[in-house]
Amino acid sequence: MQGRPWAFIFFILVCTSFVRAEIRSEDSLELMVANADVVARGHVVKIVQPNPPPFGRGYFEFHVDEQFKGPRTDTITVEIDGWGANETAQMLMHDGAEAMIFQIDSTRLMPRDSTDVYQGELERRALRLVPLLANPETDRTRKHLSQMVTMDFRLLDTGPQITDAVREAAKFPTTRPMRWVYIPALPSSPAFRALFAGSVVTIAMPVDPRLEALGQKWFAQRNTPEAIAVLQLFPSAANAEIFKQLLHDPGWATTGGGRLSHVYHNNRLYAARVLESWGQTPETPAVVLPDDLYRPLRGSLLAPIILLIMLLAWLARRIGRRIAPRVPVLALLLISSLTALWVTSRRTVPELYWNGDETQIWLSSCRGSVQFTWITNCPWRLMGQYNPFIPLQAVIEPGVHDRFWHPSRDLVENQRPAQGLMYGLLPPEPLASLWLQSPMNVSAKYLLANNGLLEGTQTETFLQQAKPASVTVRFHRLQLHISALMTLAAIPLLVAANRLRVRHRRHKHNLCVQCGYDLRGSSARCPECGAALASAEHTSLQPNQASP
């Protein structure tokens with residue numbers, strides 16, 4: 001009975017050992033070199049086993065083959081607690097085994113109540129042994145202990161590679177106090193593939209000019225999130241120009257579906273906030289689409305539209321009296337307008353938008369089609385429910401008193417677009433789902449060649465009093481191709497053209513243009529319908545009778 005609690009604890013430890021952390025952090029080689037007081041490469045000349053084994057204290061004595069940093073010494077003694085549980089110690093358990101040694105002077109370990117240096121971090125970095133293997137495959141189960149990662153996410157796993165990199169990093173001057181930052185590894189990098197722990201891999205890097213140069217390189221390579229995470233730490237005129245370019249960054253992420261989808265340009269927001277933290281006043285970027293592209297349709301804009309419609313109606317009336325009936329003239333104007341709309345819809349999407357309390361209405365023209373969309377049972381707050389932005393994985397370690405902006409702290413929840421009538425010119429990409437995606441659950445479809453009415457429902461979630469809630473939104477969408485509307489508008493023109501053809505044929509054959517009666521022998525009016533003759537050429541000549 002007394003052994004069961006220990007058995008239970010052992011079972012829990014075994015189970016938790018298989019759980020991988022969601023975030024895996026690793027110190028870069030450059031940080032370890034910069035943070036250490038002594039950096040040397042040596043081989044084992046003496047091993048003292050712990051007493052009692054296997055978990056007591058033991059030590060290695062290394063002969064220094066090459067010293068890169070710190071006071072010159074010929075031997076280094078390294079004590080290790082928990083010998084039997086230390087995998088690195090097991091890899092060095094033979095004379096001549098090589099290792100890279102990183103040591104921090106114990107006098108730099110500050111008291112726990114110190115605000116200058118966080119003791120726990122320094123204790124973790126106080127000593128590290130990296131076995132140097134000619135062939136990492138000789139011990140596959142522990143080869144991760146002989147690997148190191150550089151600031152540019154390269155993975156070094158052989159003795160010569162690590163030695164050359166340490167020798168180069170040791171040439172860079174060290175500053176105190178140390179400042180370092182966690183940067184997410186590029187998913188395509190060797191470091192990410194080797195250290196992947198379920199979601200995020202972060203590499204601790206020293207904050208120095210090497211990091212700034214890397215940030216500018218990542219910006220040139222379009223690794224924008226990593227570039228922003230780094231360059232926000234280095235205010236300068238050159239970096240300010242980079243962030244001004246990022247105000248128009250095309251990178252985006254999308255949430256939702258159909259008319260309720262939103263596109264987020266997170267990098268634009270980050271760039272604007274960084275520039276603001278540097279004391280600059282950047283232009284306001286379009287971050288959340290389509291909301292940030294709508295403009296209220298006020299009276300100053302409605303007045304010119306109303307005047308234009310009145311002018312077109314007056315012209316149609318004047319022209320219709322003299323040349324043709326009004327309907328064909330209006331049809332011609334309508335076809336001209338639809339043609340201009342068809343050309344415009346290929347490059348941009350003009351849209352009118354009414355945002356009500358629980359009803360939203362859109363009239364838009366996209367890719368050669370006109371859509372009239374309205375949704376009901378949609379709370380106003382749902383239209384402005386922005387999903388949280390992905391925060392930058394750039395966190396300055398304690399010990400640095402400067403506070404750098406962190407995007408996740410700067411977001412305003414439950415932002416909402418304005419209510420009322422608005423208009424906007426929207427880009428077809430990346431907003432295509434607004435007009436092309438159907439509701440999740442289609443309940444009725446009355447379509448002919450994609451022309452017709454579509455109805456459906458979609459369940460969406462939003463925050464209500466800081467708690468998630470859901471609602472079923474009803475969709476209605478009427479879509480017509482502009483070509484179909486142009487065909488309908490062309491019917492009056494075809495009818496008018498046919499009338500002109502008939503009138504011309506009747507006039508040519510000396511017939512009444514109204515009823516087609518033979519006008520030979522008639523004078524001023526048609527004897528059949530009484531219509532006035534079109535010209536004075538009509539006489540009372542008999543058929544085939546020549547004039548004198």
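Which loop holds Pro290? Keep that one in mind while you get your bearings; the tour comes back to it at the cis bonds.

**Whole chain first**

Load everything and colour by pLDDT, since this is a predicted model. The protein's mean pLDDT is 76, with 73% of its residues at 70 or more. Select α1 (residues 4-16) and then α9 (237-246) to see both ends of the scale: among the elements, α1 has the lowest mean pLDDT, 37, and α9 the highest, 95. Now pick out residues 110-125, where the pLDDT is below 50. Beyond near neighbours in sequence, that stretch still makes 28 contacts in the model. Do likewise for residues 536-548: pLDDT stays under 50 there too, and the model has 13 contacts for them beyond four places in sequence.

Switch to cartoon and you have 15 helices and 21 strands to look through. Of the 548 residues, 41% count as buried. If you like contact maps, take the contacts between residues at least 6 apart in sequence: 62% of them join residues at least 24 apart. Turn on the surface and you are looking at about 30800 Å² of accessible area, 57% of it belonging to carbon and sulfur atoms.

**The largest nonpolar core**

Hide the surface and show side chains for Phe153, Ile183, Ile203, Met205, Leu211, Trp218 and Phe243. In the largest nonpolar core, which has 36 residues, these touch the most other members. Several elements each give this core at least two residues: β9 (180-184), α6 (190-195), β10 (200-206), α7, α8, α9 and α10 (266-277). As general background, nonpolar side chains in soluble globular proteins tend to be buried together.

Centre on Ile203 and ask for its contacts, skipping neighbours within four places in sequence. You should get Glu26, Ser28, Val149, Phe153, Val181, Tyr182, Ile183, Ala185 and Leu195. There is also a second, separate core of 19 residues, with Val263, Leu289, Cys366 and Ile375 among them.

**A three-stranded sheet**

Next, select β11 (253-255), β12 (262-264) and β13 (288-289). They form an open sheet in the order β11-β12-β13, with antiparallel pairing. β11 and β13 are the edge strands, each pairing on one side only. Three bridges hold the antiparallel pair β11 and β12; to see one of the partnerships, label Thr255 and find His262 in β12 opposite.

**The cis bonds**

Back to the opening question: Pro290 sits in the loop between β13 (288-289) and β14 (295-296). Zoom in on the peptide bond between Leu289 and Pro290, which is cis, with omega about 5°. Leu289 is also one of the residues in the second core.

Then jump to Glu429 and Pro430, joined by another cis peptide bond, with omega about 10°. Pro430 is in the loop between β18 (420-426) and α14 (433-436).

**Positive phi**

Most residues other than glycine have a negative phi, and most peptide bonds are trans. With that in mind, select Arg222: it is not a glycine, yet its phi is positive, about 65°. Look for Arg222 in the loop between α7 (209-220) and α8 (224-231). Is Arg222 buried or exposed? Exposed, with a relative accessible area of 67%.

Asn510 is another non-glycine residue with a positive phi, about 60°. Find Asn510 in the segment after α15 (482-508). At 24% relative accessibility, Asn510 counts as partly exposed.

**More strand pairs**

Go to β2 (38-48), β5 (98-103) and β6 (127-131). Six bridges join β2 to β5, and the two run antiparallel; Gly42 stands opposite Ala99 in β5. On to β5 and β6, also antiparallel, joined by five bridges. Label Ile101 and Leu129 to see bridge partners in that pair.

**Last stop: Asn451**

Finish at Asn451, in strand β20 (451-464). Asn451 counts as buried because its relative accessibility is 16%, and the cut-off for buried is under 20%. Which residues does Asn451 contact, leaving aside neighbours within four places in sequence? They are Tyr446, Gln479, Leu480, His481 and Ala484. Try two distances here. From C-alpha to C-alpha, Asn451 and Gln479 are separated by 5.4 Å, although they are 28 residues apart along the chain. And a polar atom of the Asn451 side chain lies 2.6 Å from the backbone nitrogen of His481.

Terms used:
Residues are numbered from 1 along each chain as its sequence is written. This is a predicted model: local features need pLDDT of at least 70, side-chain atom pairs count only at pLDDT 80 or more; totals for chains, interfaces and linings use all residues. Side-chain values use heavy atoms; hydrogens and water are left out. Helices (H or I, at least four residues) and strands (E, at least two) are DSSP runs, numbered from the N terminus. Buried means under 20% relative accessible area, exposed over 50%, partly exposed in between (1.4 Å probe, protein chains only). A nonpolar core is a set of buried Ala, Val, Leu, Ile, Met, Phe, Trp, Tyr and Cys residues joined through side-chain atoms within 4.5 Å. Contact means heavy atoms within 4.5 Å. A polar contact is a pair of N or O atoms within 3.5 Å; within protein, one must be able to donate a hydrogen and the other to accept it, and residues adjacent in sequence count only if both atoms are side-chain atoms. pLDDT is the predictor's confidence in each residue, from 0 to 100. Two strands pair if DSSP finds at least two bridges between them. Accessible areas come from the Shrake-Rupley method with a 1.4 Å probe; for residues, only the protein chains shown count as cover.
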